[in-house]
Amino acid sequence: MRDLSVRFGSIPVVHDLTFALAAGDRVGLIGESGSGKSVAALAVMGLLPDGATASGHVEAEGTSLLDLPEKALAALRGERVAMVFQEPMTALDPVMPVGTQVAAAVALHQDVSRSDARAKARELLHQVELPDPDRAMATYPHQLSGGQRQRVVLAMALANDPAVLICDEPTTALDVTIQKRMLALIDRLVADRGTALLFISHDLAVVSELCARVLVLYGGRLVEQGPIAQVFGAPRHPYTAGLLAASALSDVAPGSPLVTIEGSVPGIGAFPSGCPFRNRCPRALPECVEVPPMTAEPAGASYACFNPVPSSAPAAAFTRPTRRRR
Amino acid sequence: MTADGMAAAQVDPLLAGESVSGVRGRRSGNLAARIGGGVAALVVLTALVSFVWTPYDPTGIDPENLLAGPVTGGHLLGTDNFGSDIASQLMAGARVTLLVGIVAVAIAGLIGTPLGVLAGMRRGWVGAVVVRAGTILFGFPALLLALLLAAAFGASTGTAMVAIGVATIPAFLRLSYAATLQVMASDYITAARTSGLSGLQIARRHVLPNISSVLLVQSSVAFALAILAEAGLSYLGLSTRPPTPSWGRMLHDAQGFLFTDPLLSVWPGLAIAAAVLAFNLLGDGLRDLLDPKLRDR
Amino acid sequence: MSDEVVLSVRGVTREFVRRRPLFGARPEPVRALAGVDLDVRRGERFGIVGESGSGKTTLARLLMGLDSPTAGTITLDGVAVHDKSQSELRFLRQRMQMVFQDPMSSLDPRMRVRDIVLEPLIGLRLDENREARLAELLSSVGLSPDAAERFPHQFSGGQRQRVAIARALAPRPQVLVADEPVSALDVSVRAQTLNLLTDLTSRLGLTLVFVSHDLSVVRYLCDRVAVMRRGAIVEQGVTAEVYADPQHAYTKELLASVPVLRHRPASLAGGRDE
């Protein structure tokens, strides 16, 4: 992906997003609401809603995706690039047994007989650890629990061994015990097949357990990226540092004030010009009205900030609890 | 610090796409509302003006110009077989049309809505009974009611209005029931309960304002249907009696001259069609206009 | 924090009867809660943790008197909160208020903030200077006075939760029941809201019942915790103890499932325990 920009009508949602995913990569895309993370993923899949325009360059295995006509895109979807969403009920047809749906996913892209497709479907249901796959083939989505439904969706996504699997908050709607199993499953399946994984989430802990690299988005811009150990261990961008501080509840003594980021996430289109974080950033400088360029760091990391958090000092940017000012 | 003033701050980018098409829907809804509203306003204006002025007396006779064609002998749209001016009749007929619409919708709304809200707020047998009763009434066509009332009291605009109004009650009942159910599922209703508000207070403060937009759209559509129903009843002689002009009766009277003076039926027919279309469009437009705003959190 | 028990739950069971359509066998009741016992002490922050289907939301509603238990008793300061008339309920409502999970659904989109926040005063017929109280409430939750004239959709989720909290505080309650109040908020906003809750409860001497599925939040915020599963409490006690040394298998599983934030920075503000 290079300089991908997406606009909804006249409102920019994603700005100049650039990153690359290699086979076997596990990349986490972190952002809160309004960060543009889901939109970026949809742009890759060509699933942007009407009224949204994407510009820039998106390439999957050498094929440019943005200008592809719908038919060609449809052929790619599910076959080279597959996606799992947050809400499984919207991805599953409620009036079709799940076995049929998975088989359909197989048959769509592979030239196989009906019985072969069903056999493959059964195999997939087994791989996603659904108990009693034979019986599961005939069940309908509403008869399954949320976690089980997500497994079915995962089976459909992996049915054709895609090169890239995009997961958009797949476990956010699940209970934490189910989530743990689901993440382990994704981990195993992706490792077995060598699929590249793009895992979108707002949950830093989940991403840190599953991914090797991370991209941090804010206001539609990439603010920091790199190997997780580095980005989380020594964040350079103030937003990353603030997010980490706000997420690491287990490190805070109970009862003492939490470190917070001032203000709240602006609505779509309400982000300030230049660096989108500057109206909330304790380290903002006058030059932040210009979009900061990406500064490279060792180990392939980079961040976009004119006044980054010192790599030596602790998350000094956010050591004071928020002053309530509204 | 600059977070407020912008709607949908916590909106998932996916939802933002929704609101964009909502904006487009709003624009097309705007058009429908404007066209519909424009024509509807025209009808209202015509009716109002007809109280003060019509080209000729709608019930008057011009014996020299019987069944005249348009723009003949000073009559813009011609005259009917009695020599009464068509244009004047149309204008005055608008009065009946609007009156019936208003009263019928008022009856339906003022009876159907409270019942529907009551049913929606009180789960248990009260709700079930009311809804069942509404469903039964739903099956009752306005025509039958009108016939019954006409037989009892003699046909008139009044019986038609009541018949149509009563026949429309179920539509309002069901709509307000469904809308109330949706509202009741919201947390702010629970919060109102924990704030100690009584059922009546909740209905007044929370339910009614939140279902009002749906009701408005429904009223518009019901208005259109009432006009159509009245025209039908007039045509059958179950509504406005002569000499009061009525579009439906004009149609009926024009029947006999269908092959000799077809225009006689065209004018009232057009008027009816235009009015019905206008209010339908208005309803559609309003729906599109109001929906995104509600969704626009 | 005293030892005085303000909220007491004894043997509470709540069954829902599902109506089988037309023909069919007798409907089997769904047991949302089965024999729940707990005590909440005055001034403490009590957490109720559970996943979906644990019954925690049902329990929260029962505590608030929004629903009646099929069996058992719930008392606030010794007075039962269920099977009460409207006027008796009003007395209880003044003392116990609720904050809901969804900031969009808990505020009437057609009402201005001022009307939303002052609603409890109207419903509970509390006589006081409304304007002054409104100003006081808005400032205590960190909202500017001009927020009063605005509508909910003009605010962000975090700000809406502040409005909801202000509303809950309007009748000067003693107990606040919060049902997943931060779950729908962004991470960065969550911290602000938690700080607000901590601050308010200690300043106003409130007792807080915090229902959540988020273990780390409960650990941070609550003095004592009850872990629920399928309608029953499997373990309860002092938060630090329960988290450090869980006794029940489910509690252990739950704690083990929480994703750990790896590679975090060496030191963060607020100090560390352990």
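Which side chain meets C:Asp39 in a salt bridge? The partner is C:Arg10, at 3.0 Å from N to O. The legends below describe close-up views of a predicted model.

**View 1. The salt bridge between C:Asp39 and C:Arg10 in chain C.** The two residues belong to distant parts of the chain, 29 residues apart. C:Asp39 lies in strand E2 (residues 29–41) of chain C, and C:Arg10 lies in strand E1 (residues 5–17) of chain C. C:Arg10 is partly exposed, with a relative accessibility of 38%.

**View 2. A salt bridge between two helices of chain A, formed by A:Arg122 and A:Asp134.** The closest N and O atoms of this pair are 2.6 Å apart. A:Arg122 sits in helix H5 (residues 114–127) of chain A and A:Asp134 in helix H6 (residues 133–138) of chain A, so the salt bridge ties together parts that are 12 residues apart in sequence. Both ends count as partly exposed: A:Arg122 has a relative accessible area of 29%, and A:Asp134 has a relative accessibility of 47%. Over all chains, the count of salt bridges comes to 26.

**View 3. A:Arg151 and A:Glu129 within a network of salt bridges.** The side chains of A:Arg151 and A:Glu129 meet at 3.7 Å, N to O. A:Arg151 is in helix H7 (residues 146–158) of chain A, whereas A:Glu129 is in the loop between H5 and H6 of chain A, and the two are 22 residues apart. A:Arg151 is buried, with a relative accessible area of 8%, while A:Glu129 is partly exposed at 40%. The network that links these two residues also includes A:Arg188 and A:Asp192.

**View 4. The interface of chain B and chain C, with the salt bridge between B:Arg205 and C:Glu119.** In this salt bridge the closest N and O atoms are 3.0 Å apart. The interface has 1 salt bridge and 10 residue pairs in polar contact. On the chain B side, helix H6 (187–194) and helix H7 (199–236) each supply at least two residues. By class, the residues of that side are 11 nonpolar, 13 polar and 6 charged. The contact takes 30 residues from chain B and 35 residues from chain C. About 2700 Å² is buried between the two chains, and carbon and sulfur atoms give 50% of this area.

**View 5. The interface of chain C and chain A, with the salt bridge between A:Arg181 and C:Glu253.** The side chains of this pair meet at 3.6 Å, N to O. Between chain C and chain A the count is 1 salt bridge, together with 8 residue pairs in polar contact. Five helices of chain C each supply at least two residues of the side that touches chain A: helix H4 (130–140), helix H5 (157–169), helix H6 (187–204), helix H7 (215–221) and helix H9 (249–257). H6(C) gives the largest share of that side, 10 residues. The chain C side divides into 19 nonpolar, 17 polar and 11 charged residues.

**View 6. Extent of the contact between chain C and chain A, with C:Val187, C:Tyr220 and C:Leu261.** Here 47 residues of chain C are in contact with 52 residues of chain A. The buried area is about 4200 Å², of which carbon and sulfur atoms give 55%. C:Val187, C:Tyr220 and C:Leu261 lose the most area to chain A within chain C, together 15% of what that side buries.

Notes: Residues are numbered from 1 along each chain as its sequence is written. Chains are lettered from A and ligands numbered from 1 in the order in which they are written. This is a predicted model: local features need pLDDT of at least 70, side-chain atom pairs count only at pLDDT 80 or more; totals for chains, interfaces and linings use all residues. Side-chain values use heavy atoms; hydrogens and water are left out. Contact means heavy atoms within 4.5 Å. Buried area is the accessible area (1.4 Å probe) that two parts lose on being put together, summed over both. A salt bridge is a side-chain nitrogen of Lys or Arg within 4 Å of a carboxyl oxygen of Asp or Glu. A polar contact is a pair of N or O atoms within 3.5 Å; within protein, one must be able to donate a hydrogen and the other to accept it, and residues adjacent in sequence count only if both atoms are side-chain atoms. Helices (H or I, at least four residues) and strands (E, at least two) are DSSP runs, numbered from the N terminus. Ala, Val, Leu, Ile, Met, Phe, Trp, Tyr, Cys and Pro count as nonpolar, Asp, Glu, Lys and Arg as charged, and the others, Gly among them, as polar. Buried means under 20% relative accessible area, exposed over 50%, partly exposed in between (1.4 Å probe, protein chains only).
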